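Here's a walk through a structure, helix by helix, with a stop at the surface along the way. Pull up the coordinates and follow along.

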Amino acid sequence: MAGLYLLAGINHFVNPKLYLKITPPWLPYPATANKIVGFVEILLGLGLCLEVTRSWSAWGIIALLIVVFPANVYHFQKAKAKGRGVLLTLLRLPMQALLIYWAYLYTR
């Protein structure tokens, strides 16, 4: 899981357009929000690597997944309106619950 969040966080900086496309228009300063999310993912991914910070990092990941959920809903709505990528973006929504559960396993 640590590798997943490290790579995702780095990708926010390497490929910001990917994330900016799915950022809801009501979110102020989307480029800054993208960098913050990327930094937080890197930090939490690193925190999972250390036993002393693993539980806190897992709770942070759970919070982050909840915070970014509206972007996933927006991405689904956008895909639905365009008629492209609907199934993938729809499947991504319940996947958030699985990711939250996976992170929860590290909170103990």
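Before we look at the surface, one bit of vocabulary: a patch is built from residues with over 30% relative accessible area and no salt bridge, and nonpolar side chains are joined into one when they lie within 5 Å. Keep in mind, too, that this is a predicted model.

With that in hand, find Leu4, Trp59, Tyr101, Trp102, Tyr104, Leu105 and Tyr106: together they make up a nonpolar surface patch with about 680 Å² of accessible area. Which helix gives the most to the nonpolar patch? That's helix 5, residues 86-104, with three residues. Leu4, another member of the patch, sits in helix 1, which covers residues 2-14. Its relative accessible area is 43%, and since the partly exposed class runs between the 20% and 50% limits, Leu4 counts as partly exposed.

Let's stay with helix 5 for a moment. A kink of about 35° is centred on Pro94. What about the end-to-end span? At 1.5 Å a residue, the 19 residues of helix 5 should span 27 Å, and the end C-alpha atoms are 28 Å apart, so the two agree. The helix has a hidden side as well: Thr89, Leu93, Gln96, Leu99 and Ala103 are buried. The buried residues of helix 5 pack against helix 1 and helix 4, the latter being residues 51-82.

Now for helix 3, residues 30-48. You can run the ruler along this one too: its 19 residues should span 27 Å at 1.5 Å each, and the end C-alpha atoms are 27 Å apart, which agrees. The buried list here reads Ala33, Asn34, Val37, Gly38, Glu41, Leu44, Gly45, Gly47 and Leu48. As for partners, the buried residues of helix 3 pack against helix 1, helix 2 and helix 4.

Leu48 also gives us a handy distance to check: its C-alpha atom is 33 Å from that of Lys78, a residue 30 positions away along the chain. Lys78 belongs to helix 4. Is Lys78 buried or partly exposed? Its relative accessibility is 26%, so Lys78 falls in the partly exposed class.

One last stop is the loop between helix 2 (16-20) and helix 3, where you'll find Tyr29. Most residues other than glycine have a negative phi. Tyr29 isn't a glycine, yet its phi is positive, at about 55°. Tyr29 also has a relative accessibility of 66%, so it counts as exposed.

Key:
Residues are numbered from 1 along each chain as its sequence is written. This is a predicted model: local features need pLDDT of at least 70, side-chain atom pairs count only at pLDDT 80 or more; totals for chains, interfaces and linings use all residues. Side-chain values use heavy atoms; hydrogens and water are left out. Patches are made of residues with over 30% relative accessible area and no salt bridge: like charges are joined within 9 Å, nonpolar side chains (Val, Leu, Ile, Met, Phe, Trp, Tyr) within 5 Å. Accessible areas come from the Shrake-Rupley method with a 1.4 Å probe; for residues, only the protein chains shown count as cover. A salt bridge is a side-chain nitrogen of Lys or Arg within 4 Å of a carboxyl oxygen of Asp or Glu. Helices (H or I, at least four residues) and strands (E, at least two) are DSSP runs, numbered from the N terminus. Buried means under 20% relative accessible area, exposed over 50%, partly exposed in between (1.4 Å probe, protein chains only). The expected span of a helix is 1.5 Å times one less than its number of residues. The bend at a residue is the angle between axes fitted to the seven residues ending there and the seven starting there. Contact means heavy atoms within 4.5 Å.
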